[in-house]
Amino acid sequence: MKFFHGYTYSGHPVASAAGLATLNLYQEEGLLERAASLAPLWEEALHSLRGLPHVIDVRNLGLVGAIELEGIPGRPTAQAFEAFLRCYERGVLIRTTGDTIALPPPLIIEETHIERLVATLRQVLQELP
């Protein structure tokens, strides 16, 4: 007979307290409502990158976005990684998965951050070979 008692992190009081504190902060700061109010600006900003060199698709759902890039033949992931490096050099951190730039911003993002992020991406996408 096996005695199943769970894992060290399942229902642990400290993890539970941290989760509850996070939910309280979301509510107190209105972060989910804030994200919903920024979603239209985010969508418009991201979709303004359509038609730039190497961009195959731009998609989003709320404050989550993705820019799919045309890959370099024989070098999968290289295009997005080059974009990552160029953005990083300019002080903007993006995430890549394959040849897609994945953009899940923090819920505390501000309009000026969105503008800077998209302006940097625009510049980088125009510079990619």
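How do the residues of the lining of the largest pocket divide into nonpolar, polar and charged? Keep that in mind as we look around.

Before you click, note that this is a predicted model, where local features need pLDDT of at least 70, side-chain atom pairs count only at pLDDT 80 or more, and totals for chains, interfaces and linings use all residues. Residues are numbered from 1 along each chain as its sequence is written, and side-chain values use heavy atoms, with hydrogens and water left out.

**Stop one: two helices.** Select residues 78-89, helix α3, and 111-127, helix α4; helices are DSSP runs of H or I, at least four residues, and strands are runs of E, at least two, numbered from the N terminus. Their axes come within 10 Å and cross at roughly 130° (lines fitted to C-alpha atoms over the stretch in contact, with angles from 0 to 180 degrees between N-to-C directions).

Now show side chains: Ala83, Arg86 and Cys87 of α3 meet Thr120, Leu121, Val124 and Glu127 of α4, contact being heavy atoms within 4.5 Å. The residues of this contact split into 4 nonpolar, 1 polar and 2 charged.

**Stop two: the largest pocket.** Select Val92, Leu93, Pro106, Ile109 and Leu117, which lie nearest the centre of the largest pocket, out of 15 lining residues. A pocket is an open set of points on a 1 Å grid, where a 1.4 Å probe fits, with protein on both sides within 12 Å along at least five of seven lines; lining residues have an atom within 4 Å of a point.

Next, colour β4 (100-103) and α4, the elements giving two or more residues to the lining. The largest share, 3 residues, comes from α4.

And the opening puzzle? The lining holds 11 nonpolar, 2 polar and 2 charged residues (Ala, Val, Leu, Ile, Met, Phe, Trp, Tyr, Cys and Pro count as nonpolar, Asp, Glu, Lys and Arg as charged, the others, Gly among them, as polar).
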